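Please open the structure in the viewer and keep the selection panel at hand. This tour proceeds stop by stop, naming what to select and then describing what is there.

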Amino acid sequence: LFFLSIFTLTGCESANKSARAIIGHTYGIIESSTSYMTIYFSKSGNANVNFKNGSESFITSHFTYEIAGDDVEIYYDYSDYWIETAKGELWMHLTYYPEVDELHCLGDVMSRID
């Protein structure tokens, strides 16, 4: 019974470290004051993206996200902000690593900012 209790508690602890831990937090890659990208994952399901690379920049909340296990997928929303062919399409796929609280995308690592 003792070992079963430990296993159950450990299982619950691991379950709390799922990709759902990103909700309500900002993750990003910050190289400098003129080169960064951050994503805030709102509780409402919107992803607010803030991007800057030299003179290029944009800030928008016109993305949504879905979480399945450790996979996080960000989609263009259905607003008129996007062209018709982009609406609802996948923008970015991320993988959450709970042991280090990071999101990874094609070799890039997004760390938790807040």
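Is Arg112 buried, exposed or partly exposed? Arg112 counts as partly exposed, because its relative accessibility is 38%. Please bear in mind throughout that the model is a predicted one.

**The barrel**

Begin by displaying the strands as a cartoon. Eight of them, in the order E1-E2-E3-E4-E5-E6-E7-E8, close into a barrel with antiparallel pairing. From one strand to the next, the twist averages 30 degrees. As background, the strands of a sheet are paired through hydrogen bonds of the backbone, in either a parallel or an antiparallel manner.

Next, select residues 56–68, which form strand E4, together with residues 71–76, which form strand E5. These two strands pair in the antiparallel sense over 6 bridges. Within this pairing, select Glu66 and look across to E5, where Glu73 stands opposite.

**A contact across the sequence**

Now select Ala19, in the loop between helix H1 (2–15) and strand E1 (26–32). Ala19 counts as buried because its relative accessibility is 0%, and the cut-off for buried is under 20%. Add Asp70 to the selection. The two residues are 51 residues apart in sequence, yet their C-alpha atoms are 5.0 Å apart in space. Which residues does Ala19 contact, leaving aside its neighbours within four places in sequence? They are Ile67, Gly69, Asp70, Val72 and Tyr96.

Stay in the loop between H1 and E1 and select His25. His25 is buried, since its relative accessible area is 19%. Apart from neighbours within four places in sequence, His25 is in contact with Ile39, Tyr40, Phe41, Arg112 and Asp114. Arg112, with which the tour began, is thus among the contacts of His25.

**The nonpolar core**

In soluble globular proteins, nonpolar side chains tend to be buried together. To look at such a group here, select Ile39, Phe41, Ile74, Leu94 and Leu103. The largest nonpolar core has 21 residues, and these five touch the most other members. At least two residues of this core come from each of E2, strand E3 (46–53), E4, E5, E6 and E7.

Keep Phe41 selected and show its surroundings. Not counting residues up to four places away in sequence, Phe41 touches Ile22, Ile23, Gly24, His25, Tyr27, Asn46, Tyr65, Val72, Ile74, Leu94 and Leu103. Three members of that list, Ile74, Leu94 and Leu103, also appear among the five core residues named above.

Then select Thr38 in strand E2 (residues 35–41). Thr38 is buried, because its relative accessible area is 13%. With residues up to four places away in sequence left out, Thr38 touches Thr26, Tyr27, Gly28, Asn48, Val49, Asn50 and Ile113.

**The salt bridges**

Side chains of opposite charge can pair when their charged atoms come close. How many salt bridges are counted in this model? The count comes to 3.

Select Asp80, Glu84 and Lys87, which are linked in a network of salt bridges. Between Lys87 and Asp80, the closest N and O atoms are 3.1 Å apart. Between Glu84 and Lys87, the N to O distance is 3.2 Å. Colouring these residues by accessibility is instructive. Lys87 counts as buried because its relative accessibility is 13%, whereas Asp80 is exposed at 72% and Glu84 counts as exposed at 61%.

Return to Arg112 and add Asp101: their side chains meet in a salt bridge of 3.5 Å, N to O. This pair links distant parts of the chain, 11 residues apart, with Asp101 in the loop between strand E6 (90–97) and strand E7 (102–105) and Arg112 in strand E8 (residues 108–112).

**Two residues with positive phi**

Most residues other than glycine have a negative phi. Which phi value does Asp101 have, although it is not a glycine? Its phi is positive, at about 55 degrees.

Finally, select Leu106 in the loop between E7 and E8. The phi of Leu106, also a residue other than glycine, is positive and near 45 degrees. Leu106 is exposed, because its relative accessible area is 86% and the cut-off for exposed is over 50%.

Notes
Residues are numbered from 1 along each chain as its sequence is written. This is a predicted model: local features need pLDDT of at least 70, side-chain atom pairs count only at pLDDT 80 or more; totals for chains, interfaces and linings use all residues. Side-chain values use heavy atoms; hydrogens and water are left out. Two strands pair if DSSP finds at least two bridges between them. Helices (H or I, at least four residues) and strands (E, at least two) are DSSP runs, numbered from the N terminus. Axes are lines fitted to C-alpha atoms, for helices over the stretch in contact, and angles run from 0 to 180 degrees between N-to-C directions. Buried means under 20% relative accessible area, exposed over 50%, partly exposed in between (1.4 Å probe, protein chains only). Contact means heavy atoms within 4.5 Å. A salt bridge is a side-chain nitrogen of Lys or Arg within 4 Å of a carboxyl oxygen of Asp or Glu. A nonpolar core is a set of buried Ala, Val, Leu, Ile, Met, Phe, Trp, Tyr and Cys residues joined through side-chain atoms within 4.5 Å.
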